[in-house]
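Q: Can you take me through the labels used for this model, and say what stands behind each one?

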Amino acid sequence: MEPTAALNESSAAVPWLPARAGNASLELASRPPAPTVINPWDVMLCVSGTAIACENAIVVAIICYSPTLRTPMFVLIGSLATADLLAGLGLILNFVFQYVIRSETVSLLTVGFLVASFAASVSSLLAITVDRYLSLYNALTYYSERTVLCIHTMLVCTWGVSLCLGLLPVLGWNCLHDRAACSVVRPLTKSNVTLLSASFFLIFIIMLHLYIEICKIVCRHAHQIALQQHFLTASHYVATKKGVSTLAIILGTFGASWLPFAIYCVVGDPDYPSVYTYATLLPATYNSMINPIIYAYRNQEIQRSMWVLFCGCFQSKVSFRSRSPSDV
């Protein structure tokens, strides 16, 4: 066997590491036992996963602990927190299975687990956006059984589709036996990551459209208030400006986190250095770290539940204002 071929064969199974100097795509497959140097990028992903898991575990605990947090809005926030919690645990497990427990089967399961978790996270963000739009567009009928049915339907679709996407590499849609079909994220194939990226682009476009419609509704409401009062008060102007700014921050954070990785998955080549994949994947994981801050910890009812959960009491002198899904 030629030295180059032997090098490629020995390094092709190393997870998250280049198969060779000129073929440096991110790889998640198992590898034979051999002493290796821990990749700093893998450490950063593991640290990111730990922070994600801790943040979202608190949100899940609060929502499960508080009987008052059972409205459609909090159900969707709980779905998002659960998905991000699983994604954080998946990043931790992936690190363990790379450097401690080396198994091709376990590695594929971890990849599928990560794909399903992040897909559920992105889909839950879309469901929350739809919920916010409905709370403004159908404000009079929002708190009805029809809305509850719609929310439950979205949850079933969100987790059902995410589970199917996660099972694809496990059921055979991988490049373990066809290195030429590998993408920048092994063992996912090029067609697999193209499907995932296309799904993300579709979700991002839908969210962008819905947030534009939400901004129109918010501005229209402010204009109607101004007509009724013959002028737009400073408080209404500030509230409208704050709402639009918050929407821009939400969508901007989501796009900045995921768009680079989604685009690179489409245009990237497995021969590119692995640092490109790491540099785009790491910010994508930060979205799951930011989500609980944007959607949960800013909510005053969750803040009140945190006070009760961690302090064991509630001081009535502390003022909390109940928020609705339309409070952006």
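A: Sure. Keep in mind that this is a predicted model. Let's begin with Ser 305: with a relative accessible area of 8%, Ser 305 falls under the 20% cut-off, so it counts as buried. Ser 305 is part of helix H9.

Q: What does Ser 305 touch, leaving out residues up to four places away in sequence?
A: Ile 62, Ser 66 and Leu 69. Contact here means heavy atoms within 4.5 Å.

Q: What makes H2 roughly perpendicular to H9?
A: The crossing angle. The axes of helix H2 (residues 40-65) and helix H9 (residues 300-311) come within 10 Å and cross at roughly 85°. Angles from 65 to 115 degrees count as roughly perpendicular, so H2 gets that label relative to H9. On the H2 side the contact uses Ile 58, Ile 62 and Tyr 65, while H9 brings Ile 302, Ser 305, Met 306, Val 308, Leu 309 and Phe 310.

Q: How does the contact of H2 with H9 break down by class?
A: There are 8 nonpolar residues, 1 polar residue and no charged ones. Ser counts as polar because it is in neither the nonpolar nor the charged list.

Q: How do you know that Cys 175 and Cys 182 form a disulfide?
A: Look at the sulfur atoms: they are 2.0 Å apart. The cut-off is 2.5 Å, so the pair qualifies. A disulfide is a covalent bond between the sulfur atoms of two cysteines. Searching the whole structure turns up 1 disulfide. The link of Cys 175 and Cys 182 is right-handed, with 95° about the S-S bond.

Q: Are the two cysteines of that link, Cys 175 and Cys 182, buried or exposed?
A: Buried. Cys 175 has a relative accessible area of 1% and Cys 182 has 0%; buried means under 20%.

Q: Why is Cys 157 not bonded to the closest cysteine sulfur, in Cys 150?
A: Distance. The two sulfurs are 9.5 Å apart, too far for a bond when the cut-off is 2.5 Å.

Q: Why are Cys 157 and Cys 54 called partly exposed?
A: Their relative accessible areas are 45% for Cys 157 and 48% for Cys 54. Buried means under 20% and exposed means over 50%, so values in between are partly exposed.

Q: What makes Met 207 buried?
A: Its relative accessible area is 0%, and the cut-off is under 20%, so Met 207 is buried. Met 207 lies in helix H6 (residues 190-229) and touches Leu 125, Leu 126, Thr 129, Leu 251 and Phe 254, not counting residues up to four places away in sequence. Thr 129 is 78 residues away from Met 207 in sequence, yet their C-alpha atoms are 6.5 Å apart.

Q: Where does UniProt place the feature "transmembrane region"?
A: The unreviewed entry gives several stretches, including residues 73-101 and 193-212. In the model, residues 73-101 are 93% helix and 0% strand, with end C-alpha atoms 40 Å apart. Residues 193-212 are 100% helix and 0% strand, and there the end C-alpha atoms are 28 Å apart.

Q: How many helices and strands does the protein have?
A: It has 9 helices and 2 strands, following the pattern α-β-α-α-α-α-β-α-α-α-α along the sequence. Of its 328 residues, 48% count as buried. Among contacts between residues at least 6 apart in sequence, 72% join residues at least 24 apart.

Methods. Residues are numbered from 1 along each chain as its sequence is written. This is a predicted model: local features need pLDDT of at least 70, side-chain atom pairs count only at pLDDT 80 or more; totals for chains, interfaces and linings use all residues. Side-chain values use heavy atoms; hydrogens and water are left out. Axes are lines fitted to C-alpha atoms, for helices over the stretch in contact, and angles run from 0 to 180 degrees between N-to-C directions. Helices (H or I, at least four residues) and strands (E, at least two) are DSSP runs, numbered from the N terminus. Angles under 35 degrees count as roughly parallel, over 145 as roughly antiparallel, 65 to 115 as roughly perpendicular and the rest as oblique. Buried means under 20% relative accessible area, exposed over 50%, partly exposed in between (1.4 Å probe, protein chains only). UniProt positions are given in the numbering used here, feature names are shortened, and annotations may be inferred rather than shown by experiment.
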